[in-house]
Amino acid sequence: MLDIKFIRDNLADVKEALARKGYALDDKQFLALDESRKTALTQAQTLQAEKKKASKQIGMLIGQGMTPDEAKAKVMGGIDEDISKAEIAAKDAEAALKELMLGIPNVPHADVPAGADEDDNVEVLKWGTPGTFSFEPKDHVDLGEPFGLNFDAGALVAGSRFAVMSGKIARLHRAITQFMLDTHTEEHGYEETYVPYLVNRQALEGTGQLPKFEEDLFRIPQAQGDKDLYLIPTAEVPVTNLLRDAVNDTALPVKKVAHTPCFRSEAGSYGRDTRGMIRQHQFDKVELVQFVHADQSDAALEELTSHAEAILQKLELPYRKVILCGGDLGFSAAKTYDLEVWLPGQQKYREISSCSTFGDYQARRMQARWRNPATGKPELLHTLNGSGLAVGRTLVAILENYQQADGSIRIPAALQPYMGGLEVICA
């Protein structure tokens with residue numbers, strides 16, 4: 001959530017910056033709701049002051065011989081009813097303004113290039129050279145089937161866009177996950193964290209998935225009287241919310257890594273990537289989250305992105321790094337790098353990680369703070385996260401980049417210790 005004072009003081013600049021994200025800020029609505037809230041609060045406070053003054057007059061009248069009820073009726077009149085109405089009006093105005101504020105996206109960083117969609121993203125670098133094959137390379141669906149990748153079984157037990165993995169594919173998937181966790185904890189300084197796969201609405205509001213993206217989530221209705229829960233779309237939600245409504249007194253940065261399944265309805269993506277594992281309702285991801293000082297967030301984004309890149313480099317997978325343009329930038333993000341891995345089966349680069357800084361946008365929604373030792377006062381944290389990496393898409397990249405003419409798959413050297421020394425998997 002943006003700072004309401006910042007919007008008031010920089011309304012024209014905020015409106016212009018948000019337009020780079022394709023968001024049209026209704027400044028008239030904002031000003032009207034803000035003024036309505038201030039007017040209602042002022043009226044309620046004025047009436048409370050009048051009531052306090054009237055209470056003294058009641059005491060004087062009682063001293064002059066009136067009964068308490070007579071004195072109250074003479075002085076108070078309908079002031080209690082007026083106060084109640086004013087407080088309700090103030091509460092309604094506050095709620096309306098909060099609803100508007102929750103729907104306003106984060107302002108893009110100054111470094112974010114202009115553009116309408118992914119075609120306008122700017123390439124920062126390429127790493128590695130896509131391999132050449134003496135045969136027509138297959139995609140991961142055909143390559144994975146002999147090793148236990150089964151989409152028909154997924155459809156049987158759940159529906160479309162689910163997969164079942166067995167045998168060698170399941171082991172390779174697990175090996176990828178363990179390799180990522182070990183690298184991030186042992187080499188990059190993250191603390192491994194296990195979190196719930198179900199979260200409450202407040203958690204999703206805190207990181208910005210709600211209220212805007214409700215249709216993208218799987219909601220789990222609870223028993224009567226209980227609040228509904230949601231399956232997590234990413235570990236970002238539970239991990240970032242661990243510091244919600246708290247003042248962190250430990251040293252910064254706080255760096256956490258979590259492996260979880262992720263669940264997304266993929267609303268609005270019908271007809272896109274229907275073949276294979278690229279766009280599933282359930283997939284695994286290793287997520288990196290950092291909490292830092294305000295003056296460290298730019299450097300932290302570079303560091304966090306390099307940690308995701310390190311996984312691709314260790315696996316020797318060609319990739320490119322792009323900075324997202326304003327029109328492709330996420331709702332809560334101020335700046336994002338996407339890492340796109342080369343897939344020979346598609347002959348194109350596909351996203352495998354998004355690494356973002358959010359400034360204090362999420363922290364303000366969550367009231368996640370740290371105590372500045374210089375002042376002793378709480379200040380908002382800056383939050384960052386990124387995939388380190390999406391496990392299923394990494395599996396896809398390995399199958400396609402390490403395929404051989406006979407259909408076997410070479411195991412990247414970095415993963416061989418996690419596969420019991422196996423160098424090649426064969427049907």
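**Exercise 1. Find how far apart the mean positions of the positive and negative charges of the protein are.**

Step 1: decide what to count. Lys and Arg are taken as positive and Asp and Glu as negative, while His and the chain ends are not counted.
Step 2: place each charge at NZ of Lys, CZ of Arg, CG of Asp or CD of Glu.
Step 3: compare the two means. The protein has 48 positive and 62 negative charges, and their mean positions are 4 Å apart.

A word on the model before we go on. This is a predicted model, in which local features need pLDDT of at least 70 and side-chain atom pairs count only at pLDDT 80 or more, while totals for chains, interfaces and linings use all residues. Residues are numbered from 1 along each chain as its sequence is written, and side-chain values use heavy atoms, with hydrogens and water left out.

**Exercise 2. Describe the protein as a whole: its box, its secondary structure and its buried share.**

Step 1: start with the box. Along the principal axes, the C-alpha atoms fill roughly 105 × 45 × 40 Å.
Step 2: turn to secondary structure. There are 13 helices and 18 strands; helices (H or I, at least four residues) and strands (E, at least two) are DSSP runs, numbered from the N terminus.
Step 3: look at burial. Of the 427 residues, 48% are buried, where buried means under 20% relative accessible area, exposed over 50%, and partly exposed in between (1.4 Å probe, protein chains only).
Step 4: check the contacts (heavy atoms within 4.5 Å). Among contacts with a separation of 6 or more, 72% join residues 24 or more positions apart.

**Exercise 3. Locate the largest nonpolar core and name the helix that gives it the largest share.**

Step 1: recall the term. A nonpolar core is a set of buried Ala, Val, Leu, Ile, Met, Phe, Trp, Tyr and Cys residues joined through side-chain atoms within 4.5 Å.
Step 2: find the core. The largest one has 49 residues, and those with the most contacts inside it include Leu172, Ile176 and Leu415.
Step 3: name the helix. Helix 8 (residues 167-186) supplies the largest share of this core, 7 residues.
Step 4: look for another core. A second, separate one of 18 residues includes Ala17, Leu18, Ile104 and Tyr361.
Step 5: return to helix 8. From its first C-alpha to its last, this helix of 20 residues reaches 28 Å, close to the 28 Å expected at 1.5 Å a residue; the expected span is 1.5 Å times one less than the number of residues.

**Exercise 4. Follow valine 391 from its helix to its contacts.**

Step 1: place the residue. Valine 391 belongs to helix 13 (residues 391-401).
Step 2: judge its cover. Valine 391 is buried because its relative accessible area is 0%. In helix 13, 11 of its 11 residues are buried.
Step 3: list partners, leaving out residues up to four places away in sequence. Valine 391 touches His173, Ile176, Thr177, Met180, Asp284, Lys285 and Val286.
Step 4: view the contact from the other side. With the same neighbours left out, isoleucine 176 touches Val391, Thr394, Leu395, Ile398 and Leu415.

**Exercise 5. Is alanine 40 buried or exposed, and which residues does alanine 40 contact?**

Step 1: find the element. Alanine 40 is in helix 3 (residues 27-63).
Step 2: apply the cut-off. Alanine 40 counts as buried because its relative accessibility is 7%.
Step 3: list the contacts. Leaving aside neighbours within four places in sequence, alanine 40 is in contact with Ala86, Ala89 and Ala90.
Step 4: compare sequence with space. Alanine 40 and aspartate 92 are 52 residues apart in sequence, and their C-alpha atoms are 9.2 Å apart.

**Exercise 6. Point out cis peptide bonds and residues with positive phi.**

Step 1: know what to expect. Most residues other than glycine have a negative phi, and most peptide bonds are trans.
Step 2: find the cis bonds. One joins leucine 210 and proline 211, with omega about 10 degrees. Another runs from glycine 388 to leucine 389, with omega near 20 degrees. Proline 211 sits in the loop between helix 9 (201-207) and strand 6 (219-220), and leucine 389 lies in strand 16 (residues 382-390).
Step 3: find the positive phi values. Glutamate 316 has a phi near 55 degrees and lies in the loop between helix 11 and strand 11 (319-323). Glutamine 367 has a positive phi of about 55 degrees. Glutamine 367 is partly exposed because its relative accessible area is 32%.
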